[in-house]
Amino acid sequence: MKRLIFLIFLVFACFSLSAQFTKEDYLRADSVSEFKSLVLNEILELNWIDTTHLFWYKARTSVDTTMFFIVDAQKQEKRIAFDTERLANAIRERLKLKTKANQLLLPNLKFAADLTTFTFERKDTIWKCFLADAYRLESLSAKEKEQEWPHWGESRDELANNPVVSPNGKQEAFIRDYNVFVRNIRTGEINQLSYDGCAGDLYSSYIVWSPDSHYLTTNKVRVHEKRYMHFVESSPPDQLLPNLHKLEYLRPGDVLPVFRPALFDVVRKKKIEVDIRPFENQFSLSNIQWAPDSQSFSFEYNQRGHQVFQVVRVNAQTGKTKIVIDEQSDTFIDYSGKRYRYDVDKTGEIIWASERDGWNHLYLINGETGEIINQITKGEWVVRGVEYVNEKDRTILLRAGGRNKKEDPYYEHYCSIGFDGKSLKDLTPEKMQHNAHFSHDYRFFVDTYSTPDKAPVSVLRRTSDGRILMLLEQADISLIEANGWIAPEPFVAKGRDGKTDIWGNIYRPTTFDPNKSYPIIEYIYAGPQGSFVQKSFSSYHYPFSSLAELGFIVVQIDGMGTSNRSKAFHDVCYKNLKDAGFPDRIRWIKAAAEKYSFMDTTRVGIFGGSAGGQNAMAAVLFHPHFYKAAVASCGCHDNRMDKMWWNEQWMGYPVGPHYAESSNVVNAHLLQGELMLIVGELDDNVDPASTMQVADALIKADKEFELVVLPGVKHTLGGKFGERKRRDFFIRTLLHLETPGWNNK
């Protein structure tokens, strides 16, 4: 700890002696990463045990010691989980690993319900510890290899599913020669149900039986032409020559497959026609579900362009369709972030999330008629998510944001409410960000609450009323404060309209001197799918804590166009991703600088990755009067080049001139100020060609910039080398000082 204090003390002492930064200066800036291990009495891991009211957690009790505890929620008792010295000895003897009793590593720890044994993973093996048998360790099996999921851009093989057995176990349905067949499991008799399937227009093998085994449904799929992203791995580790990679990758405007629900009466061996023509202009058609009584099934239709989203019910006897829920928007429906549906099978009701009144709220809907029975939640606040639906008590456990005035609207609170919209109860009333872990039956939960500038407190609560039953841990941050740590400062200012509150944080270096003048660097990610400013406590942030230590004020802001506020706040991004909330961000930074004279608005830089990379470059194209230097990592610099689902969600369909208006490639000639581009050559999220195309446009416009290509690297902010290049860049462009001579011994 003394070493850490010494290193931080030296940071600016050395800067003042020389106009050139050294390698040691960077190491000193990196030393603040040690703050992570100096926060005491903070819960690091926690898990409820099976179907009991017991849970275990791990906490750091001193700088070099972590402990494991067991808590009985019902009895409100806490004890040490096991003898760490005995377990460490057992691990040393049985596993032949160097292990410290005060720093045990027990990945994937799982206790048995009776607490007499537990398992954990080490050396690619699952080990079982028998506490009552002198801490004997027994190897159970090799650790299962993590399932390799296909790349998210890869379309499903509609013919790859196994035969699907009926609920009564008597028949199985399958696809042969692109058509639907049913086989009697006892007799082996096979019946063909469809005859019009072919190679380009086939029946899907993902078949869904009705609960009574009378009907089945699947989709007839008009197959699309697959599209691909290609990129070169220049320096593969196992050979001299480069590799060419190819990934399935749909971009805005590409042709999609068309899914058409097909209905079959298995008993009568016939197809029942379903009129799906109104639902063919689809981005997706999904979530086929049978009603419990087998009289109908439903599907969800997301129209291309995301301005219509419908829940459609199909009568099993007639094939007639009825639109039960009809969401429509002049901008977009946030299906990817806010869609929520819960079917109450016993009553035929649907709990549905919608922004139809301008805020994300829950509605109770008659699942047969589509009539809104009642709006469950309402007001100028948002439902951030649903945790649990209790059908018996007809109550909902949800996360809410923005209910409390004079509080950061992004703080999440856990609330309960009745299906009828009555008895709304805040179970976590502290005006902070809350994070809950619930028992299996939702009777109890562990609530950890904090803010960026207030240390976390972890308590056990009763779900019925939110009452605190036990204080578990109260984090101690005295050590990091003694080492110079300065808490982030939440700051709020008015946005572009002069009325809307814009929230963000200000980060200072540990050597902060209010009498000095500091350049400002904004860390940006303005992707509309969320909000991104830190709301809970953290002593260190990889993207920018060490950067601030080099002599910068770092800020992070959620401007208009991001999520988790009103629909109008979110809609600012529609067909206009180049906006990125910049009018709000600039006003916010200026307001902060008016309050704090140490913030120099003549020296403002910005950096970000992915959508944040697009945003960072856009800052020096469209707002060069304010932003003077930008580092853009793996940016989606032209939304026509990026993944379909994300870009059509916000930019709409069809692809029109507005795509070009937001393009950094098309607008590259507008560059003023300094720019660094960073890209991983193996980026399988944002096409690396997007960065190369913007570089090409800059060269054609005779613009000066820096390009850092990272061989063998995927989607990244930059990694170790990119981070160094980013620091060098901002030191040169904003501090106007020399950077270390990295090639000098």
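Buried here means under 20% relative accessible area, exposed means over 50%, and partly exposed is whatever falls in between (1.4 Å probe, protein chains only). The model is a predicted one, so local features need pLDDT of at least 70 and side-chain atom pairs count only at pLDDT 80 or more, while totals for chains, interfaces and linings use all residues. Residues are numbered from 1 along each chain as its sequence is written, and side-chain values use heavy atoms, with hydrogens and water left out.

By the accessibility cut-offs, Tyr 653 counts as partly exposed, because its relative accessibility is 32%. Tyr 653 sits in the loop between H10 and helix H11 (657-661); helices (H or I, at least four residues) and strands (E, at least two) are DSSP runs, numbered from the N terminus. Leaving out residues up to four places away in sequence, Tyr 653 touches Gly 253, Arg 304, Gly 305 and Glu 648, where contact means heavy atoms within 4.5 Å. Tyr 653 also lies 8.2 Å from His 306, C-alpha to C-alpha, although 347 residues separate the two in sequence. The bond from Tyr 653 to Pro 654 is a cis peptide, with omega about 5°, and Pro 654 belongs to the loop between H10 and H11.

Two serines have backbone angles worth a look. Ser 294, in the loop between E20 and E21, has a positive phi of about 65° despite not being a glycine. Ser 294 counts as buried because its relative accessible area is 1%. Ser 610 is found in the loop between strand E40 (599-609) and H9, and its phi, near 65°, is again a positive value in a residue other than glycine. At 13% relative accessibility, Ser 610 is therefore classed as buried.

Next come the open spaces. Pockets and cavities were found on a 1 Å grid over the protein atoms alone: a cavity is a set of points where a 1.4 Å probe fits but cannot get out, a pocket is an open set with protein on both sides within 12 Å along at least five of seven lines, and lining residues have an atom within 4 Å of a point. Grid points are joined across faces, edges and corners, and a volume is the space filled by probe spheres set on the points. The largest pocket comes out at about 1100 Å³. Its lining has 37 residues, with Glu 154, Ser 155, Arg 156, Pro 257 and Phe 259 nearest the centre. At least two lining residues apiece come from strand E15 (215-222), strand E20 (282-290), strand E21 (296-303) and helix H10 (644-651), and E20 gives the most, six. Sorted by class, the lining has 19 nonpolar, 10 polar and eight charged residues; Ala, Val, Leu, Ile, Met, Phe, Trp, Tyr, Cys and Pro count as nonpolar, Asp, Glu, Lys and Arg as charged, and the others, Gly among them, as polar.

The second largest pocket has a volume of about 460 Å³. Trp 359, Lys 405, Pro 409, Asp 501 and Arg 565 are the closest to its centre among the 20 residues that line it. That lining holds six nonpolar, six polar and eight charged residues.

As for closed spaces, there are two cavities of 30 Å³ or more. The largest cavity encloses about 160 Å³, and of its 15 lining residues Trp 485, Ile 486, Arg 508, Ser 539 and Ser 545 are the closest to the centre. Helix H6 (residues 545-549) supplies the largest share of this lining, three residues. The second largest cavity holds about 90 Å³ and is lined by 16 residues, with Ala 526, Pro 528, Leu 577, Ala 580 and Asn 615 nearest its centre. Here the largest share, three residues, is from H9.

The largest nonpolar core has 49 residues, and those touching the most other members are Ile 506, Val 555, Trp 588, Met 599, Tyr 627, Leu 675 and Leu 677. Such a core is a set of buried Ala, Val, Leu, Ile, Met, Phe, Trp, Tyr and Cys residues joined through side-chain atoms within 4.5 Å. Helix H9 (residues 611-622) gives the most to this core, seven residues. Beyond its neighbours within four places in sequence, Met 599 contacts Ile 506, Tyr 518, Ile 520, Ile 553, Val 555, Ala 592 and Ala 593.
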